[in-house]
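Welcome! Please take a moment to look over the sequence and the model before reading on.

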Amino acid sequence: MKQVVQNYKSGELSVLDVPVPGCKPGGVLVRTVFSLISTGTEMMKVSEAGMSMVGKARSRPDQVAKVMQSVAVNGLPATYRKVMGKLDSYTPLGYSLCGVVEQVGAGVDDVKVGDLVACAGNEHALHAELNWVPKNLYTPVPDGLAPQHAAFGTVGSIALQGVRQGEPQLGEVALVIGLGLIGQLVVQLLTAAGVKVIGADPDPSRCELAESLGASACGDPGSSAVENAVAELTDGHGVDQVYLAAGGGSNQPVELAAHLARDRGRVIDIGKCSLNLPWNAYYEKELDVRFSRSYGPGRYDPSYELEGRDYPIGYVRWTERRNLACFLDLMARGRVDVGPLVSHVADFEDAVETYRRLKDGELKAVTALFRYPTAEAAGAETGAPELEVPAVRRPAATQAAPARGGKAPVRMAFIGAGNYATSMLLPHLAQREGVSLSTVVTTTALSAANAQRKFGFAQATTDLDAVLGDSSIDAVFVVTRHSTHADLTRRALLAGKAVFVEKPLALTQEELASVLATVEESGNDRLQVGFNRRFAPLLREAKSRLGARTGPASLRYLVNAGRLQHGSWYLQQGTEGSRFEGEGGHFIDTASWLLGADPVSVYAVAPSGNEDLQIVLRYPDGSTAAISYVTSGAPAFPKETLDLLADGKVLKLDDFVKASVYGRKRWVSSRLPKARDKGQSNELASFVKAVRTGGPMPVPLESLVATTAATLAVQASLAAGAPVTLARPQ
């Protein structure tokens with residue numbers, strides 16, 4: 001089997017072929033499905049291994065003391081040989097995973113072969129294809145909990161034990177210093193316990209993530225934001241508990257804890273940070289300093305961990321294993337959400353490269369997971385869905401797009417003349433030079449006649465075949481109900497027309513694949529979907545002012561969609577798809593355009609009892625886009641607000657009436673437009689130009705397909721209760 005190992009002397013990482021561990025009594029042999037990379041603890045170990053010998057000594061003064069004691073007892077030569085032998089050997093990495101029981105050892109009766117279990121321990125839950133795990137370090141995974149989420153069991157137990165040490169009470173206020181993986185979990189656990197939480201971290205994206213997961217307020221520990229939030233939420237008394245979840249050598253966390261804690265408050269150390277306690281500050285407030293030891297009672301006790309001797313529940317309520325089971329239960333019931341914390345999922349075979357990217361800072365991640373070959377086999381049963389994005393294949397002899405040339409107008413036909421067509425599209429086209437509105441076709445004669453009268457169409461008809469067969473028509477607009485879009489698009493492409501189809505392009509994977517099959521069959525790829533927001537002048541100027549990015553970005557998009565009127569055809573989900581499938585592509589396309597890439601995964605959750613959606617998109621460079629699509633908001637609140645944070649800059653859009661960019665200099669749109677311009681006019685101008693000149697369509701077909709696939713993946717994620725990977729054929 002294969003296992004990730006590191007030589008602590010040289011720092012070299014490798015995926016090594018090692019023997020399969022035996023299945024000893026009192027434990028189980030587990031085949032790993034997902035294992036978690038702790039970007040804090042593990043990366044600290046990886047970084048230490050890359051240091052010089054002097055650097056290693058400085059980072060581990062406790063080990064230096066042991067070496068000096070050994071020199072005194074055994075002499076320098078013997079100690080040197082012992083130390084160098086230990087350093088120049090492979091050490092394992094990893095301590096948190098989820099896998100499938102492959103073999104059950106003697107004395108184990110609580111699981112069977114094939115069961116999904118979460119496992120803990122830096123000697124038993126390693127980054128390896130197979131691990132032997134003793135009884136008290138695994139627990140069954142509740143039904144419905146995805147294996148990639150169950151892989152968080154160990155780090156969740158660490159956070160849970162820290163919270164237990166803080167003894168939070170309903171209504172208290174807590175400060176969490178350090179919003180890495182453990183800090184983010186502590187925030188959610190405290191929130192679930194009825195505690196108001198303030199977070200402190202110098203990374204704005206981590207602060208934003210913590211707020212999205214329940215924190216009342218977050219900010220840089222060196223700024224006044226955190227102190228102001230504490231004063232406001234505690235009436236100036238200070239927080240009841242402070243959780244130190246930060247790492248590094250700075251003494252700032254313990255000093256900040258003393259400054260912001262109330263009289264006789266509690267300070268709980270979970271992370272590995274400097275603890276040079278300022279005596280006066282801690283003495284004057286009589287602060288209660290507590291330590292949280294890893295996963296809970298039983299840790300470091302061989303009789304518990306290796307021999308399986310449990311502590312009586314009447315004396316020790318929450319042991320290591322009970323904490324593990326409790327955290328899995330909280331995830332399964334939706335009280336803790338680890339999905340937004342997964343920044344990257346890598347195949348196990350790419351482990352060395354993944355560690356390199358994390359160490360070099362190329363990959364920014366709260367946490368990352370290794371996915372093992374087992375995951376593919378167990379995917380359908382374990383809730384790890386994958387949605388394949390249909391490949392865009394153009395034949396070698398693609399149909400050439402004719403250039404209109406001269407002053408000949410672009411002749412257009414409309415299929416459908418409903419409210420959106422007549423209010424948002426046709427007014428722009430009717431006034432545009434170089435456009436000839438040739439024919440409008442609808443299912444009812446009166447609506448066609450009305451459109452002809454109002455916008456000057458040369459003809460009005462209900463005969464679709466006649467329109468598609470008219471060789472004089474250059475472009476066809478499909479502006480009908482959602483369920484007809486894919487089929488009408490296919491027919492228009494086969495007829496050799498350039499096609500503008502309002503969103504959505506398709507309501508199912510099969511429909512999307514059929515459109516692409518038509519492109520390949522016909523050689524006609526002249527297709528545009530009505531994703532207009534990327535053409536909005538205000539947003540385009542704001543993006544230009546923001547400039548090029550060098551690092552990952554964090555985007556937040558609030559869509560205050562509001563409730564639909566009773567009887568709206570948008571509510572006919574059985575035939576027209578969900579409301580988000582109908583219009584969600586707008587927001588995904590806008591996010592992808594701003595981030596300059598197509599999403600690689602989609603995770604969606606819906607609060608019980610309403611239609612609100614929370615969607616997290618992840619992108620290849622580590623960027624994320626969080627889209628809140630809500631129907632329960634106040635009607636008076638703006639419909640769309642967007643914030644993009646990257647490289648120390650912020651882009652802010654307020655409902656297409658105002659935009660601003662914050663950086664070294666602040667830019668604010670100079671004046672409010674007379675009306676919200678969401679880009680329809682510019683979008684149509686780009687489409688007309690492409691048809692007239694024969695140039696490329698305004699948006700690449702690959703992008704249209706990726707956005708449509710991501711929109712469809714939202715429903716798949718809701719059904720699976722897990723993120724959906726968007727797999728692209730090689």
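This report walks through some strands, some charged pairs and one acidic residue.

## Before we start

Please keep in mind that this is a predicted model. The tour begins with the strands, so here is a little background. Strands of a sheet pair through backbone hydrogen bonds, either parallel or antiparallel.

## A sheet of three strands

Let us begin with an open sheet of three strands, whose order is S2-S1-S4 and whose pairing is antiparallel. Strand S2 (13-17) and strand S4 (90-92) stand at its edges; each has a single partner strand, so one side of each is left without a neighbour in the sheet. On average, neighbouring strands here are turned by 50° against each other, direction ignored.

How do S1 and S4 meet? Strand S1, residues 2-7, pairs with S4 in the antiparallel sense over three bridges. If you would like to find this pairing in the model, look for Val5, whose bridge partner in S4 is Pro92. There is also a helix to spot here: H14, residues 351-360, lies across S1 and S2 and runs at about 165° to S2.

## Strands S3, S5 and S6

Next, turn to strand S5, residues 96-104. Strand S3 (residues 27-37) is antiparallel to S5, and seven bridges join the two. One place to look is Ser35, which stands opposite Leu97 in S5.

S5 is also joined to strand S6 (residues 116-120), by five bridges and again in an antiparallel arrangement. Here you can look for Val100, which stands opposite Leu116 in S6.

## Charged pairs

Side chains of opposite charge can pair when their charged atoms come close. How many salt bridges does a search of the whole structure find? The search finds 31.

One of these pairs is made by Asp263 and Arg264, with their closest N and O atoms 2.5 Å apart. Asp263 is partly exposed, with a relative accessible area of 39%, and Arg264 is partly exposed too, at 49%. Another pair joins Asp621 and Arg549, at 3.2 Å from N to O. Asp621 lies in the loop between S26 and strand S27 (624-630), while Arg549 lies in the loop between helix H21 (537-546) and strand S24 (554-560), so the pair ties together parts that are 72 residues apart in sequence. Asp621 is partly exposed at 32% relative accessible area, and Arg549 is partly exposed at 24%.

## A network of salt bridges

Some salt bridges share partners: Glu353, Arg356, Arg357, Asp360 and Glu362 are joined by them into one network. Within this group, the side chains of Arg357 and Glu362 meet at 3.4 Å, N to O. Arg357 counts as buried, at 18% relative accessibility, whereas Glu362 is partly exposed at 45%.

## Asp612, a buried acidic residue

Our last stop is Asp612, in the loop between strand S25 (601-605) and strand S26 (613-618). What is the nearest side chain of opposite charge to Asp612? That side chain belongs to Arg563, 6.2 Å away, and Asp612 is buried yet has no salt bridge. A salt bridge would need a nitrogen-to-oxygen distance within 4 Å.

What does the Asp612 side chain reach instead? One partner is the backbone nitrogen of Thr631, at 2.7 Å. Another is the side chain of Ser632, with which Asp612 makes a polar contact at 2.5 Å. Leaving aside neighbours within four places in sequence, the residues in contact with Asp612 are Val605, Ala606, Pro607, Tyr629, Val630, Thr631 and Ser632.

Note on methods. Residues numbered from 1 in each chain as written. Predicted model: local features only at pLDDT ≥ 70, side-chain atom pairs only at ≥ 80, totals over all residues. Heavy atoms only, no water. Helix = DSSP H or I, 4+ residues; strand = E, 2+ residues; numbered from the N terminus. Buried < 20%, exposed > 50% of the residue type's maximum accessible area, 1.4 Å probe, protein only. Lys, Arg positive; Asp, Glu negative; His and termini not counted. Polar contact = N/O pair within 3.5 Å; in protein donor to acceptor, adjacent residues only side chain to side chain. Contact = heavy atoms within 4.5 Å. Pairing = 2+ DSSP bridges. Axes fitted to C-alpha atoms, helices over the stretch in contact; angles between N-to-C directions.
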